[in-house]
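Student: I would like to go through this model and ask what stands behind each label. Shall we take the aromatic residues before the rest?

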Amino acid sequence: MVRLQAGWYRVYDALAAPRPAHVTMLRRRLYVLSVRLRWHPFWSQRAVAVPAVRVELRSRGRELERQR
């Protein structure tokens, strides 16, 4: 899931750049990644403290993306 989140940041940052190329492709990719993250089986576990885990996931995803 961390790789999914890092990929989400990569696409989001590409869309945020001035005059991005292939805007439609990037938007579709961002949507697909968002759906995969939102409906990942991990979130259906009852013991997951969702807000805290989402913050940690985003933090680790951003960290992984910065390392690239």
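Student: How many aromatic pairs does a search of the whole structure find?

Tutor: Three. Keep in mind that this is a predicted model.

Student: Why is the pair of Trp 8 and Tyr 9 called edge-to-face?

Tutor: The ring centres of Trp 8 and Tyr 9 are 5.4 Å apart, and their planes stand at 85°. Pairing needs centres within 6.5 Å, and edge-to-face needs planes over 60 degrees apart. Both conditions hold, so the pair is edge-to-face.

Student: What makes the pair of Trp 8 and Tyr 12 stacked?

Tutor: Here the planes of Trp 8 and Tyr 12 are at 10°, with ring centres 5.1 Å apart. Stacked means planes under 30 degrees apart. The angle of 10° therefore makes Trp 8 and Tyr 12 a stacked pair.

Student: How do you know that about one helical turn separates Trp 8 and Tyr 12?

Tutor: Trp 8 and Tyr 12 are four residues apart in helix H1, which means about one helical turn between them. Together with Tyr 9, they form one aromatic cluster.

Student: Tyr 9 and Tyr 12 are both in that cluster. Why is Tyr 9 called buried, and what is Tyr 12 called?

Tutor: Tyr 9 has 12% relative accessibility, so it counts as buried, the limit being under 20%. Tyr 12 is at 40%, so it counts as partly exposed.

Student: How do you know that the length of H1 agrees with a helix of 15 residues?

Tutor: H1 runs over residues 2-16. At 1.5 Å a residue, it should span 21 Å. Its end C-alpha atoms are 21 Å apart, so the two values agree.

Student: Which residues of H1 are buried, and what covers them?

Tutor: Leu 4, Gln 5, Ala 6, Gly 7, Trp 8, Tyr 9 and Val 11 are the buried ones. Their cover includes H2 and helix H3, residues 50-67.

Student: What makes Gln 5 a buried residue?

Tutor: Its relative accessible area is 6%, and buried means under 20%, so Gln 5 is buried. Beyond its neighbours within four places in sequence, Gln 5 is in contact with Leu 37, Leu 57, Arg 58 and Gly 61.

Student: Asp 13 is found in H1 too. Why is Asp 13 called partly exposed?

Tutor: Asp 13 is at 33% relative accessibility, and partly exposed lies between 20% and 50%, so the label follows. The C-alpha atoms of Asp 13 and Leu 64 are 14 Å apart, across 51 residues of chain.

Student: And Arg 60, in helix H3: what makes it partly exposed?

Tutor: Arg 60 has a relative accessible area of 48%, and exposed needs over 50%, so Arg 60 stays partly exposed. Its C-alpha atom is 14 Å from that of Leu 37, with their positions 23 residues apart along the chain.

Student: Now the loop between H1 and H2, where Arg 19 lies. Why is Arg 19 called exposed?

Tutor: Arg 19 reaches 83% relative accessibility, and over 50% counts as exposed, so the label fits. Its phi is near 50°, a positive value in a residue other than glycine.

Student: His 22 is found in that loop as well. What makes His 22 exposed?

Tutor: The relative accessible area of His 22 is 57%, and the limit is over 50%, so His 22 is exposed. Phi of His 22 is near 60°, again a positive value in a non-glycine residue.

Student: Which residues form a nonpolar patch on the surface?

Tutor: Tyr 31, Val 32, Val 35 and Trp 39. Together they have about 460 Å² of accessible area.

Student: How do you know that Val 32 is partly exposed?

Tutor: Val 32 lies in helix H2, residues 23-38. Its relative accessibility is 37%, between the limits of 20% and 50%, so Val 32 counts as partly exposed.

Student: What pattern does the protein chain follow along the sequence?

Tutor: The pattern is α-α-α. The chain has three helices and zero strands. Of its 68 residues, 24% count as buried. Its C-alpha trace spans about 45 × 25 × 15 Å along the principal axes.

Key. Residues are numbered from 1 along each chain as its sequence is written. This is a predicted model: local features need pLDDT of at least 70, side-chain atom pairs count only at pLDDT 80 or more; totals for chains, interfaces and linings use all residues. Side-chain values use heavy atoms; hydrogens and water are left out. Patches are made of residues with over 30% relative accessible area and no salt bridge: like charges are joined within 9 Å, nonpolar side chains (Val, Leu, Ile, Met, Phe, Trp, Tyr) within 5 Å. Accessible areas come from the Shrake-Rupley method with a 1.4 Å probe; for residues, only the protein chains shown count as cover. A salt bridge is a side-chain nitrogen of Lys or Arg within 4 Å of a carboxyl oxygen of Asp or Glu. Helices (H or I, at least four residues) and strands (E, at least two) are DSSP runs, numbered from the N terminus. Buried means under 20% relative accessible area, exposed over 50%, partly exposed in between (1.4 Å probe, protein chains only). The expected span of a helix is 1.5 Å times one less than its number of residues. Contact means heavy atoms within 4.5 Å. Rings of Phe, Tyr and Trp (its six-membered ring) pair if their centres lie within 6.5 Å; planes under 30 degrees apart count as stacked, over 60 as edge-to-face and the rest as tilted.
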